[in-house]
Amino acid sequence: MKKITFLFLFISALSFSQVTISPANFNIDQSITISVDANSTATNCNGLNNPSKVYLHSGVGNDTNPWETSVVGNWGADDGVGLMTLNSSNNRWEITFVPKTYYGLTDPQAATITKMGMVFRNAAGDQEMKDNGCVDFIFNVGAFQLTLNTPSESTTILNAGETLAISATASIAANFNLTANGTSIDQQTNKTSYSFSPTVTQNTTFVLEATNNGSTQSKTFNAVVRPSVTEAPVPANMKDGINLNSSDNTKATLVFYAPDKDFIHLIGNFDANTANHWQTNNNYLLKKDSAKDRFWIELSGLTPAKDYKYQYLIEGILRVADPYSTVILSESNDQYINTTTYPNLPSYPTGETNHAVTLLRTGDAPYVWQNTSFTKPAKTDLVIYELLIRDFDALHSFDAVKNRLNYLQEIGINAIELMPVMEFDGNESWGYNPSFHMALDKYYGTATAFKQLIDECHTRGIAVIIDVAFNHASGQNPYYRMWNTDNGGYGGQASADSPFFNETATHSYSVFNDFNHSKQATKDYVKRVSQYWIDEYKIDGFRWDLTKGFTQNCSSGDDTCTNAEQPDRVEVLKEYADYQWEIDPNFYIIFEHLGSNPEETKWVNYRLDEGKGIMLWGNHNHQYNQATMGFGSDSDFSWISYKNRNWSVPANVSYMESHDEERLMYKNLQFGNANGTYNIQNLSTALDRQELAGAFYFTVPGPKMIWQFGELGYDISIEQNGRTGNKPILWGYQGDQNRRDLKSTWSKLIALKLKYDIFETSDFTLDVANTNGLKKIHLTDATATGIQNIVILGNFGVTTQSIVPNFQQTGTWYNLLNNNATINVTNTSAAITLSPGEFKVYGNNPETLSIDGIALDTKNTIRVYPNPTTTHFLLSKEALEVRVFDISGKQVKKFSKEDVQNNVYEVSSLSKGIYFIRINDTNNNIQTRKLIIN
């Protein structure tokens, strides 16, 4: 007889040697003493070690939730609430109280109490003691108790005709009644011990009741008859998960990796008889391929375009969704997703099952990609815009981002990086709590909407990179639930036999449940999921979250080990890189490692001779923020230079801000330096400092990343509403001229970076270490087209200072951010005076970006952008009337102020060519600009 490991959720006090209650069986109004051995090793979740104080954090409730009715204790507060006393005679910590009084219960409340939960902690709350599997200690409440001794598991699997040994003990003599599927099959009276061994011929739910003086205690347990499973190999070319039949849309094959499981049923709404929905049916018993540890079933007779919903029922008890679901339905989240974001969302089968459910559809027309010839920007040219869809637009959807692409194009970025969009717990999240890695989170929209966003990005020359969290999974993940200490629930920890997860994390940055990337099952899972996203959505790259966690060599408390080079994670991450490049040879692979340079160098150089190599996140938030705040200490951001890392290519995706860093503008306004009337805590001054930082950021060769709204000087702290909590969406920033000036300056710097190959030179120097705030950059390339020499000068101090520019040559130089204003250099070392916060970007030739009216220092000039364009243009200032004329002078478009919404002037109907725009501004002045449509 084989028994599966679904243990009873609540166990009696007799199970705990490290924690006892005296008397063992007690009523709610009876005085009890709780005793704990704080140094016991009987639990694998004991962080207490000779504590000076021990606190009881406890609650009372019912069988479903032992904490529901009342909780006593203030976690982390050394306030005496729940404080225990050390008994020197037995070296145990003790506390004595009457539960009804201690928990402040009324008589009606007290009558409902059946369970007491407890956890022990030190005074600070940074150490705790729980039971094995890191679950709470749970005790029965009531002097009359029933203890089930056998079976010891909630479900026992038997062959038909076997007997099930049942034994139990009552604390007081009682009358026993055993029912099987609701029918009484045995009764015994006035006993404290009970035993019976019924023969099991079908799946049976047993309930054993013990009654004493009108009070009844009961235990429920199951016996499952092992069905006859057909052994058969998985059909050829089938992948884990859903396999649609390309030639017959009434069929689909499901493949489920489930080692060490005996049998699995498919449950759902497949049966024509609705009364059989979500019931066990041997017609839906999966075949087994023992050689591959997989179960599978071919479904036939499916109705195309119908919503089928299913789960796997493992060994008669555990219900899980398909780990490779592409859409899951949630019983607790879907009702909060609006129909604008996700039209016609299938309903969850409420009342028929619980936990996540997989959606299956056949026969849907495939998405027709409009852009099939997208060429990814060169890695060194990448200007990435990182965004969290939730906090980017109030509609929080893929469609909303698509509708904002005009704005992103104005900035000049050529890639967007989406924070995780794989199905995560809840709806509103950063997304680093993934539960189903292959499913798209519905809170952001449909798969079609996501594809339309990517398609439109590619049409506009914008690559799409997604953030992926393959280090871990939340408790909802089916492969976590199948092997854990929480009886298939979401808590506890992975069990020792898990093919996927570590029992405890093998690195010091763990969150949720830690994948073991040395196991083949985990590797197969990651590769299968990666392949799907690249093939299905034409994703251009992954940003891999927390790659330090991919080692198996360290422990959860060992930062030194985790941060040191670990050969095993180097190799496994190379293996994953190989697989991605096998699917897409030009795939962007970016690691958030932030580790040692020798280890990161190995990835940078990996297959570099083939034009590949891995990119790494480069965090320069602190140094740039010190500079923008006007402080010289720690303001040396020269590590942004890939040459300082002894790399042969610019593989560092550098950033001044990311989702993880405090916003530069917030600290500028809160902590900025000042001198006299020059005060960085003034909004316009703080924004000017961001322009200065941009000049020393975008001009450094290599890929760059902007955090959303950084181009407008977003100044809300990352900690507002909690680090990962919702942040204000401030599109109103565009109404502030100073914020628009920042955006314009960054846009011009990006345009320069992307047009002129001088910004890809390897001959450059950063002189940015001076603590007085004077910084400069030189770029040189005699073979570059257009501009061969660049000099950037800036004063990050708060006083007027002079700087020696060290121009590469004498002659005429052009201020590229000021209408190519010229200076005649006769002495390359002649000092130039800069006001605080002032900067210059000089080139030995003028820029020609075909963007009229840059004149960033001319407040009345109206700028037209993007220019050239294909579909629309915008103006930097409001206008009363705009007319468009073709090259012959014929008027082809006319816009009044009332005709234009969101400052978007649509010209998609016009043919390619040169046009002239006549602008009547709000002062009734006329300005004319040239527009190129291509």
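Student: How many aromatic pairs does a search of the whole structure find?
Tutor: This is a predicted model. The search covers the whole structure, and the number of aromatic pairs it finds is 65.

Student: What is the angle between the planes in the pair of F97 and Y102?
Tutor: A pair of aromatic rings is described by two values, the distance of the centres and the angle of the planes. For F97 and Y102, the centres are 3.9 Å apart. The pair counts as stacked because planes under 30 degrees apart get that label. The angle here is 10°.

Student: Is F97 buried or exposed?
Tutor: Buried means under 20% relative accessible area. F97 has 8%, so F97 is buried. Its partner Y102 has 21% and is partly exposed. For F97, the word is buried.

Student: Which strands hold F206 and F221?
Tutor: F206 and F221 also form a stacked pair, 5.6 Å centre to centre with 20° between the planes. Both residues are buried. The pair links distant parts of the chain, 15 residues apart. F206 is in strand 15 and F221 is in strand 16.

Student: Which residue lies over the face of Y733?
Tutor: Two arginines are placed over rings here. R404 lies over the face of W731, at 3.8 Å from the ring centre. For Y733, the distance from the ring centre is 3.6 Å, and the residue is R739.

Student: Which are the edge strands of the open sheet in the order 17-18-21-20?
Tutor: Four strands form this sheet, with antiparallel pairing. An edge strand pairs on one side only. That description fits strand 17 (241-244) and strand 20 (287-289).

Student: By how many degrees are neighbouring strands of this sheet turned against each other on average?
Tutor: Direction is ignored for this angle. The average over neighbouring strands is 25°.

Student: Which residue stands opposite K288?
Tutor: Strand 20 covers residues 287-289. Three bridges join strand 20 to strand 21, and the two run antiparallel. Opposite K288, in strand 21, stands F295.

Student: With which side chains does the side chain of R543 make polar contacts?
Tutor: R543 is found in strand 33. At 0% relative accessibility, R543 counts as buried. One polar contact spans 3.0 Å, and another spans 3.2 Å. The partners are D545 and E592.

Student: Where does S508 lie?
Tutor: S508 counts as buried, at 15% relative accessibility. Yet S508 is in neither a helix nor a strand. Its place is the loop between helix 7 (478-481) and strand 32 (513-514).

Student: Which side chain is joined to that of S508 by a polar contact of 2.6 Å?
Tutor: Leaving aside neighbours within four places in sequence, S508 is in contact with residues including S555, G557 and T562. D559 is in that list as well. The polar contact of 2.6 Å joins S508 to the side chain of D559.

Student: Is S648 buried or exposed?
Tutor: S648 is in the loop between helix 12 (621-628) and strand 36 (652-655). Apart from neighbours within four places in sequence, S648 is in contact with N605, L608 and Y642. Exposed means over 50% relative accessible area. At 54%, S648 counts as exposed.

Student: What separates the C-alpha atoms of S648 and T601?
Tutor: Along the chain, these two are 47 residues apart. In space, their C-alpha atoms are separated by 9.8 Å.

Note on methods:
Residues numbered from 1 in each chain as written. Predicted model: local features only at pLDDT ≥ 70, side-chain atom pairs only at ≥ 80, totals over all residues. Heavy atoms only, no water. Buried < 20%, exposed > 50% of the residue type's maximum accessible area, 1.4 Å probe, protein only. Polar contact = N/O pair within 3.5 Å; in protein donor to acceptor, adjacent residues only side chain to side chain. Contact = heavy atoms within 4.5 Å. Pairing = 2+ DSSP bridges. Axes fitted to C-alpha atoms, helices over the stretch in contact; angles between N-to-C directions. Phe/Tyr/Trp six-rings, centres within 6.5 Å; stacked < 30°, edge-to-face > 60°. Lys NZ or Arg CZ within 6 Å of the ring centre and 35° of its normal.
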